[in-house]
Amino acid sequence: MLNEAMDSYVRHWRKRHARGEVYIVRYADDAILSFEHKADADALRTALEEQLQRYGLELNEAKTHLRRFGRNSSRGGGRSETFDFLGLTHIAGKDRRGRYLVKRKTARKKMRRSLELMRLWCRKHRHEPLAWQWKELSAKLRGHYAYYGIRGNLRSLGEYRYQVWKYWRQCL
């Protein structure tokens, strides 16, 4: 309910006060708000803090960041920053033709955690029949590929597969 109220408030604020483009991307209780102008970001942050105080809530300062990101983020000096969202690191970059592109790759933290879980799984099930292990590992890899198999993430997928193969071989 509160997420819907925040979305509604941001849409309303955008129509009345924003000077440039404003986008909101939400998944469950996580959200990314992106702005064309820094002044819009500062103004909405202040307005959101006031709105949340009415409900006795506050923004989590540890998770609330203002970052330079996007096509024109290098104007006025500085570089575009990266950020992690939903297990992917988002990077402002260019494709082979020089056009702007948001590149995404598996976040380091998620990669390490997933590989550690696979290593433990291989150790735990090393005495099971080989055909069963192969079937289970294949299913786990397909699940990983289904989530992280996006444009530009092939290197991370290959590294993940190699590390899983290495752990499985060591446990056998």
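**A loop, a sheet and a set of salt bridges**

L86 sits in the loop between β3 and β4, and this residue of the predicted model makes a handy starting point for a tour. The phi angle of L86 is near 55 degrees, a positive value in a residue that is not glycine. With a relative accessibility of 32%, L86 counts as partly exposed. L86 also takes part in a feature of the surface: together with Y27 and Y147, L86 makes a nonpolar patch of about 320 Å². Of these partners, Y147 belongs to helix α4, which covers residues 130-148. Y147 is partly exposed too, its relative accessible area being 44%. Both L86 and Y147 pass the cut-off for joining a patch, because patches are made of residues with over 30% relative accessible area and no salt bridge.

The two strands beside this loop lead into a sheet. Which strands form the sheet, and in what order? Three strands take part, arranged as β3-β4-β5, and the result is an open sheet with antiparallel pairing. The edges are held by β3 (83-85) and β5 (100-106); each has a single partner strand, so one side of each is left without a neighbour in the sheet. On average, neighbouring strands of this sheet are turned by 40 degrees against each other, direction ignored. As a general reminder, the strands of a sheet pair through backbone hydrogen bonds, either parallel or antiparallel.

The two pairings can be followed one at a time. Three bridges connect β3 with β4 (residues 88-94), and the sense is antiparallel. Here F85 stands opposite L88 in β4. On to the next pair: how many bridges join β4 to β5? The count is seven, and these strands also run antiparallel. In this pairing, K94 faces Y100 in β5. Together β4 and β5 form a hairpin, with five residues between the two strands. One residue in the turn, G98, has a positive phi of about 90 degrees. A positive phi thus turns up in the hairpin turn at G98 and in the loop at L86, the latter being a residue other than glycine.

Charged side chains give the helices some features of their own. The structure holds five salt bridges, and three of them are described here in turn. In the first example, the side chains of K38 and D42 meet with an N to O distance of 3.0 Å. Why can these two residues be described as one turn apart? Both lie in helix α2 (residues 38-54), and being four residues apart there, they are separated by about one helical turn. K38 is exposed, at 54% relative accessible area, while D42 is partly exposed, at 34%.

Helix α2 offers a second example in E49 and R45, whose closest N and O atoms are 3.5 Å apart in a salt bridge. The spacing follows the pattern just described: E49 and R45 are four residues apart in helix α2, which puts about one helical turn between them. Are these residues buried, partly exposed or exposed? E49 is partly exposed, with 28% relative accessibility, and R45 is partly exposed as well, with 27%. This pair also belongs to a wider arrangement, since a network of salt bridges links R45, E49 and E61.

The third example lies in helix α3 (residues 108-124), where R119 and E116 are three residues apart, about one turn of the helix. Their side chains meet in a salt bridge with an N to O distance of 2.6 Å. R119 counts as partly exposed at 26% relative accessibility, and E116 is partly exposed with a relative accessible area of 33%.

Finally, it helps to step back and look at the whole chain. Which elements does the protein chain contain? There are five helices and five strands, and along the sequence they follow the pattern α-β-β-α-β-β-β-α-α-α. The radius of gyration of the protein chain is 21 Å, well over the 16 Å that the globule rule gives for 172 residues, so the chain is more spread out than a compact globule. Taken along the principal axes, the C-alpha atoms fill a box of roughly 65 × 45 × 20 Å. Buried residues account for 28% of the 172 residues in the protein chain.

Notes:
Residues numbered from 1 in each chain as written. Predicted model: local features only at pLDDT ≥ 70, side-chain atom pairs only at ≥ 80, totals over all residues. Heavy atoms only, no water. Pairing = 2+ DSSP bridges. Axes fitted to C-alpha atoms, helices over the stretch in contact; angles between N-to-C directions. Patch = residues over 30% accessible without salt bridge, like charges linked within 9 Å, V, L, I, M, F, W, Y side chains within 5 Å. Areas by Shrake-Rupley, 256 points an atom, 1.4 Å probe, with all protein chains shown as cover. Salt bridge = Lys/Arg side-chain N within 4 Å of Asp/Glu carboxyl O. Buried < 20%, exposed > 50% of the residue type's maximum accessible area, 1.4 Å probe, protein only. Rg over C-alpha atoms; globule rule 2.2 N^0.38 Å.
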